[in-house]
Amino acid sequence: MKQGIHPEAYRFVVFKDMSNNTSFLGKSTANTKETIQWEDGNEYPVIKLEISNTSHPFYTGKNMLVDTAGRIDKFNKRYAKKA
């Protein structure tokens, strides 16, 4: 690996999947202002995810529709045939 190009300020953060409210603890360098109380009693920064391995169809084996912020409605509205 090339020296001096990788971040060194890794810290523990909680990743929270907003589609099914699952959370897991990991390390990241991403900045966030929100914090959350974790199961061990400590407070960690929280990073909100739209989709993770607990809700992605590839990992769950289920075909589920994840409509984030009405993207499907927006698409249908934009490309609807004018009658």
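Start with the aromatic rings: there are three aromatic pairs in this structure. Keep in mind as you click around that this is a predicted model.

**Stop 1: Phe12 and Tyr44.** Select these two side chains and show them as sticks. Their ring centres are 6.5 Å apart and the planes meet at 65°; anything over 60 degrees counts as edge-to-face, so that is the label for this pair. Now colour by secondary structure. Phe12 belongs to strand S1 and Tyr44 to strand S4 (residues 43-49), so the pair ties together parts separated by 32 residues in sequence.

Switch on a surface for a moment. Is Tyr44 buried or exposed? Tyr44 counts as buried, because its relative accessibility is 13% and the cut-off for buried is under 20%. Phe12 comes out at 43%, so it counts as partly exposed.

**Stop 2: Lys27.** Stay on Phe12 and add Lys27 to the selection. What sits over the ring of Phe12? It's the charged end of Lys27, 5.1 Å from the ring centre. That gives Phe12 two things to look at: the edge-to-face partner Tyr44 and the Lys27 charge.

**Stop 3: the sheet.** Hide the side chains and go to cartoon. Four strands make an open sheet, ordered S2-S1-S4-S3, with mixed pairing. At the edges you'll find strand S2 (22-28) and strand S3 (35-37), each of which pairs on one side only. Tilt the view to see the twist: on average, neighbouring strands here are turned by 45° against each other, ignoring direction.

Next, pick out residues 11-17, which are strand S1. How many bridges join S1 to S2? Seven, and the two strands run antiparallel. For a landmark on this pairing, select Phe15 in one strand and look across to Phe24 in S2, which stands opposite.

**Stop 4: Phe75 and Tyr79.** Jump along the chain to another of the aromatic pairs. Phe75 and Tyr79 are tilted, with 4.9 Å from centre to centre and 50° between the planes. Put the surface back on and check Tyr79: its relative accessible area is 55%, so Tyr79 is exposed.

**Last stop: zoom out.** Show the whole chain. There are two helices and four strands, and walking along the sequence you pass them as β-β-β-β-α-α. The chain has 83 residues, 16% of them buried. Its accessible surface is about 7200 Å², with 52% of that belonging to carbon and sulfur atoms. If you like contact maps, look away from the diagonal: of the contacts with a separation of 6 or more, 32% are between residues 24 or more positions apart.

Conventions: Residues numbered from 1 in each chain as written. Predicted model: local features only at pLDDT ≥ 70, side-chain atom pairs only at ≥ 80, totals over all residues. Heavy atoms only, no water. Buried < 20%, exposed > 50% of the residue type's maximum accessible area, 1.4 Å probe, protein only. Contact = heavy atoms within 4.5 Å. Areas by Shrake-Rupley, 256 points an atom, 1.4 Å probe, with all protein chains shown as cover. Pairing = 2+ DSSP bridges. Axes fitted to C-alpha atoms, helices over the stretch in contact; angles between N-to-C directions. Phe/Tyr/Trp six-rings, centres within 6.5 Å; stacked < 30°, edge-to-face > 60°. Lys NZ or Arg CZ within 6 Å of the ring centre and 35° of its normal.
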